[in-house]
Amino acid sequence: MIENNEPVRAVLGIDIGGTGIKGAPVNVATGEFLAERHRIDTPQPATPEAIGQVLKQLVDHFAWTGPVGCTFPAIVHNGVTLSAANVDQSWILAPAQDILAQATGLPLVLMNDADAAGLAEVVFGAAKGRQGKTIVITLGTGIGSALIVDGQLVSNTEFGHLIFPSDEIAEKYCSAKVKEESGMKWPAFTERLNQYLLHLQLLFSPDFLIIGGGISKKHEKFIPNLKGLRFPVVPADLKNDAGIVGAALEAARQSGI
Ligand code: BGC
């Protein structure tokens with residue numbers, strides 16, 4: 001039933017990953033997709049210019065003319081990409097937001113992938129309406145993080161790059177990739193993840209923690225066995241769509257639609 005005549009507030013959300021670039025127009029009032037998601041392989045090498053061309057293809061696919069929100073798996077500060085842990089090194093210090101906006105010919109907001117996922121979880125997912133400190137951890141090739149305080153995102157936290165447990169970074173210790181590539185079984189992985197979450201507890205005293213990334217689909221294999229944490233740990237609600245939805249939300253906020 002149509003409840004009012006207000007126009008749909010829509011933004012094209014795009015999620016840039018190591019193997020695929022996915023997009024869909026998002027109704028930012030509901031988080032719903034307005035058309036079926038479209039995916040294009042990530043070009044190799046995945047330079048800003050090559051990715052710009054893929055974004056243009058996505059824009060053309062949806063015949064899109066409005067604002068675009070886009071994720072990237074690295075630090076994005078004021079539109080500049082400042083790191084490249086698992087992506088092409090040419091992104092370091094690139095004015096990526098401007099490059100991608102020019103490639104699409106549309107207003108475009110670029111943000112960190114885990115920040116986008118976190119925002120989507122707080123607005124539409126597992127942490128909807130929560131006050132206090134929520135941490136979202138995404139376990140994939142790397143470890144991404146989002147910190148949300150009373151519904152406000154504190155961007156670029158990079159908790160996956162904390163030195164942990166001693167002389168390496170956390171994402172080299174307990175990412176989904178580490179589990180997969182080493183053939184680690186669930187108990188050993190859960191133990192590592194538990195130690196890392198205890199470290200986050202010591203440093204940040206979160207009120208709530210969400211685990212996202214592909215591995216969160218198997219949450220029953222590890223979340224129930226986590227011990228000694230003072231906050232609830234839950235799997236992400238939005239699964240693969242969180243980045244697209246979160247980036248669309250941020251672009252809507254910044255463009256005032
Ligand atoms: C990057 C983060 C990113 C995470 C997940 C890390 O290696 O430093 O910026 O959010 O991977 O993609």
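A polar contact, as I shall use the term, is a pair of N or O atoms within 3.5 Å. With that in mind, good morning. The structure shown above is a predicted model, and I shall begin with its ligand.

Let us apply the cut-off to Asn-112. A polar atom in the side chain of Asn-112 is 2.9 Å from an oxygen atom of the ligand, so the pair lies within 3.5 Å and is a polar contact. Asp-113 also takes part: an N or O atom of its side chain is 2.5 Å from a ligand oxygen atom. For Glu-158, the distance between a polar side-chain atom and an oxygen atom of the ligand is 2.5 Å.

How much of the ligand does the protein bury? On its own, the ligand would expose 310 Å², and the protein buries 93% of that area. Two elements give two or more residues each to the surrounding shell, namely helix 3, residues 113-124, and strand 10, residues 143-149.

Which residues make up this shell? There are 13 residues around the ligand, and the closest are Asn-112, Asp-113, Glu-158, His-161 and Glu-171. By character, the shell comprises 6 nonpolar, 4 polar and 3 charged residues.

Where does the ligand lie with respect to the domains? Domain 1 covers residues 3-114 and 242-255, while domain 2 covers residues 126-236. Both domains contribute residues to the shell, and therefore the ligand lies between them.

I turn next to residues in the interior. Consider Asn-156, which sits in the loop that runs from strand 11, residues 152-154, to helix 4, residues 171-174. Is Asn-156 buried or exposed? Its relative accessible area is 19%, and because buried means under 20%, Asn-156 is buried. A polar atom of the Asn-156 side chain is 2.9 Å from the backbone oxygen of Val-76.

A second asparagine, Asn-194, belongs to helix 6, residues 186-204. Asn-194 has a relative accessible area of 7% and is therefore buried. Its C-alpha atom is 8.7 Å from that of Asn-225, although 31 residues separate the two along the chain.

Two cysteines deserve mention here. Cys-70 is buried, with a relative accessible area of 0%. Cys-174 is buried as well, and its relative accessible area is also 0%. How many disulfides does a search of the whole structure find? The search finds 0.

My last topic is the backbone. Most residues other than glycine have a negative phi, and most peptide bonds are trans. Against that background, I would draw your attention to four places in this model.

The peptide bond between Gln-44 and Pro-45 is cis, with omega at about -5°. Pro-45 is in the loop between strand 4, residues 38-41, and helix 1, residues 48-61. Another cis peptide bond links Phe-164 to Pro-165, where omega is about 5°. Pro-165 lies in the loop between strand 11 and helix 4, the loop that also holds Asn-156.

Leu-93 is a residue other than glycine with a positive phi, near 70°. It is located in the loop between strand 7, residues 80-81, and helix 2, residues 96-104. Leu-93 counts as exposed, because its relative accessibility of 63% is over 50%.

Finally, Asp-150 also has a positive phi, near 45°. Asp-150 is placed in the loop joining strand 10 to strand 11, and at 41% relative accessibility it counts as partly exposed. Thank you for your attention.

Technical notes. Residues numbered from 1 in each chain as written. Predicted model: local features only at pLDDT ≥ 70, side-chain atom pairs only at ≥ 80, totals over all residues. Heavy atoms only, no water. Near = heavy atom within 4 Å. Polar contact = N/O pair within 3.5 Å; in protein donor to acceptor, adjacent residues only side chain to side chain. Areas by Shrake-Rupley, 256 points an atom, 1.4 Å probe, with all protein chains shown as cover. Helix = DSSP H or I, 4+ residues; strand = E, 2+ residues; numbered from the N terminus. Nonpolar A, V, L, I, M, F, W, Y, C, P; charged D, E, K, R; others polar. Domains from an automatic or database assignment. Disulfide = S-S within 2.5 Å. Buried < 20%, exposed > 50% of the residue type's maximum accessible area, 1.4 Å probe, protein only.
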